[in-house]
Each structure stands twice: as structure tokens, then as C-alpha cells.
Amino acid sequence: MKKLFAVSALLLTSTLAQAGGYQLQEYSTANMGRAFAGAGIVGDDYSAIAFNPAGMELKNDGLQMGVNLIKIHSVLTGSLSTGKSGQGEIRTHKALPHFFGQKRINDRWTVGAGFYTPFGMGTYYTNKQWFAANHAINSEITTMDLALASSYKLTDTLTVGGSVFAEYMEARLTSRALNGMDNDLNANDNTAPGYTLGLMYRPTQDTRFGITYRSKTTHKIRGPHYIDNHPLLGSIYGMVGTKLVMPEHVLLSAHQKVGKFGLSASARWTRWSRFDKLDMDSSAYYKATGSATSKIPTVNEDWKNAWMIGVGVDYYHNENWTFRAGVAHDEGAVKRPVTRTARIPDSNRWLTTIGASYKSGNWQLDLSYGHMFWKKGRMSNEASGTTLNGEFKTGLDLAGVSLQYNF
């Protein structure tokens, strides 16, 4: 029985880091339309504040606000080592708002601010009694960044930029053990600081190259941990805490205008290998197991560094309308079935997108839609005293709308 309590509590810790396996770029509707190719240096919206602050130089004073919607549908088919088998269905809807604004101080210097979500995801099983509820029911993690940014034009061809940001994080994870004991973990962090550095090289008016480095952020999260239906103690309340790192990344982008077309490409490398292990302390675990310590045994992770590579095209139809499309390949951070969990259907995927912009006077309306095709994700993951063997089939839809006003 003590072992069951231990692995049940351990289940919550082992998946907290994995919820961060979803890195978001959905804070630019225009960029979404070209599968985020050329992000930060195309110059058709104000999201350079987040993608590459050096690209702020391409726009004058203005404001931008919008919302991007994410819809996930995933079906896990498999069996437990106890003999149970069946399906679990995930349905998730998320709305991600963003806001950017910038002001040109002089011919060389521009400052701005932004609010956006760089990491986050939620997976919610439609049936809380599904056959592998001891592995997962609901999982949610959200980060929100508030950034102050600036760019400076060193020469006619070279611009540098940077930002500092404060990142807030919150998470919730639930599961149900085989003996009916429920786990519910809520954790949050006030803020974690970070920074972004960017460079844009513009050899001609229509040719641009950019490189961005975004730093890691280190969160010391803490919150309540509830264990209900304990066979001896009933309901148990405690506090849980850990350190969680959101990884750094490097983004390379290029953009070339040819007549009425704009050709863009990007490659982003993310250091997911930072998730090699996870340590957590929980007073609820201490009470439930009668352990001599509140330290839950270390969980070994096996995340790998990952690349996302994309290309996109814009067609400048006239002074009012622009149409765009793009395709990108995104590597999953989880490479092996033994580390793929019921909470996160992570695997390699392809993203295809389309979009359009309409300009009228000082206003610009951006619309985009995308669909992500996921490779089937096989799993053979042990948690909460059982091994879950199965396969994910996942699809994801994206839609976005934003409004710009250029002063």
C-alpha cells in the first residue's frame, strides 16, 4: 500500500515538466499564416518584440492585439499491465491572447512592450473514469510573459535588439489511483526573469536575415497538493514544491522579397535536454506514505533537444490585400515510448497554414488558419504502479485573428 501511495504522488511530479513539452508561437496571427517562417524580420506586424526585437526597426509606432485559438483532439488506444484496455479521448480548446505596442524614439531607436504566452498546454480526458485514469485525467500548464523591448539601428544594414521579461507560471495536474485515491496538484510561481537578444542583417531593402537567443527561465513553483480517498486518513492536504526550467532557444530567420512575393524561412533549436531529472518535495506525500522524508524519489526524464524548420510565402496582391501560406516540421521532445505519457501526446508533427491581411488606412486585420498533422505516438510508460501500452492519434487546429493600428 505504501508503494501505491508513493507512485501515485510520483505520477504528479513526473508529468509536470513534460507539460512544458509544448512550446507556443501563437502570439502572431500574421506569422501563423506562413507557419512562423521568417518570424521577427518580415515586418508586417508588431510581434518582433517577442520573436526578434531587432525587427522592431521595420515598423513605426503602433499597437496590436489579437487572440489565437488552439483545438486538440487526441485518442489513446491501449491497455494496462493489469489487463484493462480501451480508449481515452482528449479534447482541448485554448484561447491565447496577445498584445504588442511600440514607439519610435528617433531614426535609430525604438522601444516597445508585449504580453504573450510562450509555453503552455492543457489535455483534458473527456471521461474521468477512463481505463487509465491512474495515469492522467487533466493536465494544464500556462506561462504568461510581460516584456519590455528595444531595438537600435547600428548601421544602414545592421540592427540589434533585446528585451527583458517577467514570466508567470501556473499548473494543475489530476489523476486517480487504482484504489480510488485522487491526486490534485495546483502550483504557481510569482515571476521568473528572462531576456531575449536579437540581431537583424539587411544587406538590401528586400533581403533580411535574423538570429535570436531567448534565455531559459527558472521557476520555483509551490502550491497545494490534495490526496482524497486515502484508505486510512481520508482527505490529506499538503504543500508541494519544485524547480522547473523553461528551456532556452535559438531562432534563425530569413526573408526575401521578389516582385509581388515574399519568401521566408526559419529554423528554431530548443534545448529540451534540460529535462534530465525532476526533484519535488510534498508534505502530502510525507503524510500519505509515512515516509521519513517529504522528498519524492527523483524522476529521470529523457527529453531531447528539438528543431522546428519552416518555410512560407506571402503574395502582395495589392495595397489592401496580402495572402500567405506556409509549412513547417516540428520535432517532438519525447523520443522513446517509455517516456511518452498519457498526459502529453508528444511526437513529430507537420504544420500547414494559410492566412490573409487586409489594410485600410491606419488599420490592418489579420486572419490565419492552420492544421497540425501528428505522427502516431507509441507509448509504454510506467506510472502509478502500472504500465500503459498504447498509441496516440492526434490532430490540432489553429485559428487566429488580430487587429493592428499604425499611428
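## Cavities, rings and a buried threonine

The largest cavity holds about 140 Å³ of space. This is a predicted model, and the structure has five cavities of 30 Å³ or more. Rolling a probe the size of a water molecule over the atoms shows where empty space is left.

Which residues lie nearest the centre of the largest cavity? They are Gln23, Leu24, Glu26, Asp330 and Met372, out of a lining of 16 residues. Two elements, β18 (363-374) and β20 (386-406), each give two or more residues to that lining.

**Confidence**

The average pLDDT of the chain is 88. A score of at least 70 is reached by 92% of the residues. Residues 1-20 are another matter: pLDDT stays under 50 there. For this stretch the model has 75 contacts beyond four places in sequence. Where pLDDT is low, the predicted coordinates should not be read in detail.

**Aromatic rings**

The count of aromatic pairs comes to 14. One of them joins Tyr27 and Tyr116. Their ring centres lie 4.9 Å apart, and the planes meet at 45 degrees, which makes the pair tilted. Tyr27 sits in the loop between α1 (2-16) and α2 (29-33), while Tyr116 belongs to strand β3 (residues 109-116), so the pair ties together parts that are 89 residues apart in sequence. Are these two tyrosines buried or exposed? Both Tyr27 and Tyr116 are buried. The two also belong to one aromatic cluster, together with Phe51 and Phe100.

**Lysines over rings**

Two tyrosine rings have a lysine over the face, as listed here.

| Lysine | Ring | Distance from the ring centre |
|---|---|---|
| Lys59 | Tyr46 | 4.6 Å |
| Lys257 | Tyr316 | 5.1 Å |

Lys59 thus lies over the face of Tyr46, and Lys257 over that of Tyr316.

**Thr196**

Where is Thr196 placed? Thr196 is in strand β7 (residues 182-204). Its relative accessibility is 1%, so Thr196 counts as buried; the cut-off is under 20%. Leaving out residues up to four places away in sequence, Thr196 touches Pro53, Gly161, Gly162, Ser163 and Phe165. Thr196 also touches Thr212, Tyr213 and Arg214.

Conventions: Residues numbered from 1 in each chain as written. Predicted model: local features only at pLDDT ≥ 70, side-chain atom pairs only at ≥ 80, totals over all residues. Heavy atoms only, no water. pLDDT = per-residue confidence, 0-100. Contact = heavy atoms within 4.5 Å. Phe/Tyr/Trp six-rings, centres within 6.5 Å; stacked < 30°, edge-to-face > 60°. Helix = DSSP H or I, 4+ residues; strand = E, 2+ residues; numbered from the N terminus. Buried < 20%, exposed > 50% of the residue type's maximum accessible area, 1.4 Å probe, protein only. Lys NZ or Arg CZ within 6 Å of the ring centre and 35° of its normal. 1 Å grid on protein atoms, 1.4 Å probe; cavity = no way out; pocket = protein on both sides within 12 Å on 5 of 7 lines; lining within 4 Å. Points joined across faces, edges and corners; volume = space filled by probe spheres on them.
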